[in-house]
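Q: Zoom in on one helix of this model for me. I'd like to know how it sits among its neighbours, and where the packing leads from there.

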Amino acid sequence: CGPYPQPEALALAPAPARSRSRTRSCRSRSAADAAAAAARITMKAALAGLALCAATADGFRPQVRMGIENAPIGERVRAALKSAALAAALSGGAAMAPIAEAPAIAAPAGAGKLNAGSASGTRVNKDADSLLRYALPIQNKEVRELQASVEDVKGQIAIRQWSSGLSDVSKSKSVLGSKTAKILASVPSARQDMAKKTLAELSETLDKLQTELETDGSGEVKGDAKLRNSYKLQDAAAKQVGAIEEMMVPVDYHVSVPSDYKGLPYLDGRAEVQFTFKKAEKGEKFDVDGNLYDQVTLRMVVDGYTAPVTAGNFVELVSKGFYQGMAISRSDGFVVQTGEPKDST
């Protein structure tokens with residue numbers, strides 16, 4: 001078949017006409033090499049764009065190695081396809097702020113229904129509070145199992161599947177009753193009493209949630225009341241689970257960053273920032289679900305566990321009043337954007 005085509009030249013090498021099987025083999029090999037070469041070039045272009053983020057990052061350094069040149073034909077084709085898919089994801093996805101080297105974090109135990117795959121694809125977790133809980137740097141599969149089952153109840157309430165919600169509550173109570181000792185094992189001694197108290201409160205909340213899910217919800221009035229009360233109790237239970245998980249974070253936990261970023265603002269743990277928005281035109285009001293308000297408040301949780309330098313920089317700007325009186329530069333139903341001062345060049 002001649003030499004394999006180089007990444008710079010994607011034309012297929014012509015195959016000698018010795019036999020049909022020989023020709024087919026040569027073409028298969030050439031096609032595999034061409035696909036691999038195309039993937040390498042696409043990957044290089046994608047990484048070139050991604051590397052631009054490094055100047056404002058928390059130490060991210062993209063490193064990709066392509067080691068498929070000497071693999072068998074089938075493996076070369078599969079590797080090329082995987083590389084092309086990864087390259088497409090990198091070049092077509094949203095720009096991502098690189099972060100410091102992250103600690104090991106326990107994955108959701110059992111994945112939970114919210115994250116489970118289905119025939120139509122994978123359901124994506126869009127619950128901000130849930131994502132913040134999963135981002136905590138802890139290693140305790142029992143509490144993750146408890147979290148997943150408590151959060152699954154919310155999805156069942158949304159579609160008024162009361163019996164399925166009851167099943168998830170029962171699972172939560174079972175995990176809480178049989179695995180309390182293992183959950184407490186990850187809590188530092190100084191926080192044990194508070195953790196035990198929170199677990200007891202969680203048990204009471206789950207009992208109330210179970211009772212609410214068992215109530216009669218027939219009719220519009222009863223159904224709406226059941227929906228509101230169920231949501232409220234489920235939210236309380238989820239927050240109690242989150243409080244226990246936060247207690248598991250070591251007292252002296254600290255994310256180390258590269259020396260290049262040592263002089264930059266740094267956030268240990270998390271911070272909460274509240275933005276109050278007012279209309280620029282006097283007398284204009286915000287319409288939120290049909291209700292009019294003179295001002296609205298946006299609550300933001302800034303995560304120093306995941307991105308300590310980016311979070312620290314943002315909190316410092318807030319503390320200096322950088323955003324005070326700043327106008328919203330874009331609000332089109334897709335995104336609300338601010339951050340550009342009037343005197344910027």
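A: Let's settle "contact" before anything else: heavy atoms within 4.5 Å of each other. This is a predicted model, so local features need pLDDT of at least 70 and side-chain atom pairs count only at 80 or more, while totals for chains, interfaces and linings use all residues. Residues are numbered from 1 along each chain as its sequence is written, and side-chain values use heavy atoms, with hydrogens and water left out.

Helix 8 is the one to look at, running through residues 192–214 (helices are DSSP runs of H or I, at least four residues, and strands of E, at least two, numbered from the N terminus). Its 23 residues reach 33 Å from first C-alpha to last, close to the expected 33 Å (1.5 Å times one less than the number of residues).

Now for what helix 8 tucks away. Its buried residues (under 20% relative accessible area, 1.4 Å probe, protein chains only) start with Gln192, Ala195, Thr198 and Leu199, carry on through Leu202, Thr205, Leu206 and Leu209, and finish with Gln210, Glu212 and Leu213. Among the things covering them are helix 5 (141–158), helix 6 (162–178), helix 7 (180–184) and helix 9 (220–248).

Those helices turn up again in the largest nonpolar core (buried Ala, Val, Leu, Ile, Met, Phe, Trp, Tyr and Cys joined through side-chain atoms within 4.5 Å). Helix 5, helix 6, helix 7, helix 8 and helix 9 each put in at least two of its residues. The core has 22 residues, and Leu202 is one of those with the most contacts inside it, along with Leu146, Val150, Ile244 and Met248. Helix 9 supplies the largest share, six residues.

Val150 is a nice place to watch this happen. Skip its neighbours within four places in sequence, and Val150 still touches Leu206, as well as Ser172, Gln234, Ala237, Ala238 and Val241.

Follow helix 9 outward and you come to a pocket (an open set of 1 Å grid points, over the protein atoms alone, where a 1.4 Å probe fits, with protein on both sides within 12 Å along at least five of seven lines; lining residues have an atom within 4 Å of a point). Strand 3 gives the most to the lining of the largest pocket, with six residues. In the second largest, 14 residues form the lining, with Asp129, Leu132, Arg133, Glu246 and Arg270 closest to the centre. Helix 4 (128–134), helix 9, strand 3 and strand 6 each give two or more residues to that second lining, and helix 9 has the largest share, five.

Terms used:
Buried < 20%, exposed > 50% of the residue type's maximum accessible area, 1.4 Å probe, protein only.
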